[in-house]
Each structure stands twice: as C-alpha cells, then as structure tokens.
Amino acid sequence: GDPRAGEQRAHFAETGEVALRRYERDRLVPERAVRGPALIEDAWSTTLVAPGQRCAADRLGNLVIEVGR
C-alpha cells in the first residue's frame, strides 16, 4: 500500500515554511528513498528527514539517512 500518511506544515531555518510529508514506517518499501522534508512515523518513534536529506529503509527495516547528496 501507499506509505504516505498525510502532510503538515513545518518551518526550517534554511527553507522557511514547507509542506512536510508524513509516512508510515511499516509501509515503506525497502531501498526506496524518501526525500526530505518528511516525517517517518511508527508507534514508537518519529524520524525527521530534513530538507536536502534522503532516507530509505534497508532490508532489515533500519532507516538510513543520507546527508548532503
């Protein structure tokens, strides 16, 4: 299914106010990148992917964030 869980507004010093996409962690496809700004949410945590970052779940479900690419 679609991992997107909605959207909200957020403010970052670098970009100002932007749309922040929200994703359900357990619905992410392994190795498919989510581009920031985004939130990845589950029952235990929320992970922020800042503007300019990319995040992907590896095959074990760990979130790997790439900075500055």
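**Exercise 1.** Is arginine 54 buried, partly exposed or exposed, and what is its relative accessible area?

*Solution.* The structure is a predicted model, and the reasoning below applies to that model. Begin with the cut-offs: a residue counts as buried under 20% relative accessible area and as exposed over 50%, with partly exposed in between. Arginine 54 has a relative accessible area of 26%, so this residue is partly exposed.

**Exercise 2.** Find the salt-bridge partner of arginine 54, and state which elements the pair ties together.

*Solution.* First, look at the side chains: arginine 54 meets glutamate 66 in a salt bridge, with 3.3 Å from N to O. Next, place the two residues, since arginine 54 belongs to strand 6 and glutamate 66 to strand 7; the pair therefore ties together parts that are twelve residues apart in sequence. Finally, consider the accessibility of the partner, which at 28% is also a value that counts as partly exposed for glutamate 66.

**Exercise 3.** Work out the strand order of the open sheet that contains strand 6, and describe how its strands pair.

*Solution.* The sheet has three strands in the order 3-6-7, and the pairing is antiparallel. The edges are formed by strand 3 (34–35) and strand 7 (63–66), each of which pairs on one side only. Taking the two pairings in turn, strand 3 is joined by two bridges to strand 6 (residues 54–57), the two running antiparallel, while strand 6 and strand 7 pair over four bridges, again in the antiparallel sense. Cysteine 55 can be followed across the sheet, for valine 34 stands opposite this residue of strand 6, and in strand 7 its bridge partner is isoleucine 65. The link between strand 6 and strand 7 completes the picture: they form a hairpin with five residues between them, and in the turn glycine 61 has a positive phi of about 95°.

**Exercise 4.** How many salt bridges are counted, and which parts of the chain do those of arginine 22 and aspartate 42 tie together?

*Solution.* The count comes to four salt bridges. One of them joins arginine 22 to glutamate 41, whose closest N and O atoms are 3.2 Å apart. Because arginine 22 lies in strand 2 (residues 16–24) and glutamate 41 in strand 4 (residues 38–41), this pair ties together parts that are 19 residues apart in sequence. Both residues count as partly exposed, arginine 22 at 23% relative accessibility and glutamate 41 at 22%.

Turn then to aspartate 42, which forms a salt bridge with arginine 25, the closest N and O atoms being 3.6 Å apart. Here the residues lie in loops, aspartate 42 between strand 4 and strand 5 and arginine 25 between strand 2 and strand 3, so that parts 17 residues apart in sequence are tied together. Aspartate 42 is partly exposed, with a relative accessible area of 25%, and arginine 25 likewise counts as partly exposed, at 26%.

**Exercise 5.** Decide whether threonine 47 is buried or exposed, and list its contacts beyond its neighbours within four places in sequence.

*Solution.* Threonine 47 is found in strand 5 (residues 46–49). Its relative accessible area is 17%, and because the buried class covers values under 20%, threonine 47 is buried. With neighbours within four places in sequence left aside, threonine 47 is in contact with Ala38, Leu39, Ile40, Leu63 and Ile65.

Key:
Residues numbered from 1 in each chain as written. Predicted model: local features only at pLDDT ≥ 70, side-chain atom pairs only at ≥ 80, totals over all residues. Heavy atoms only, no water. Pairing = 2+ DSSP bridges. Buried < 20%, exposed > 50% of the residue type's maximum accessible area, 1.4 Å probe, protein only. Contact = heavy atoms within 4.5 Å.
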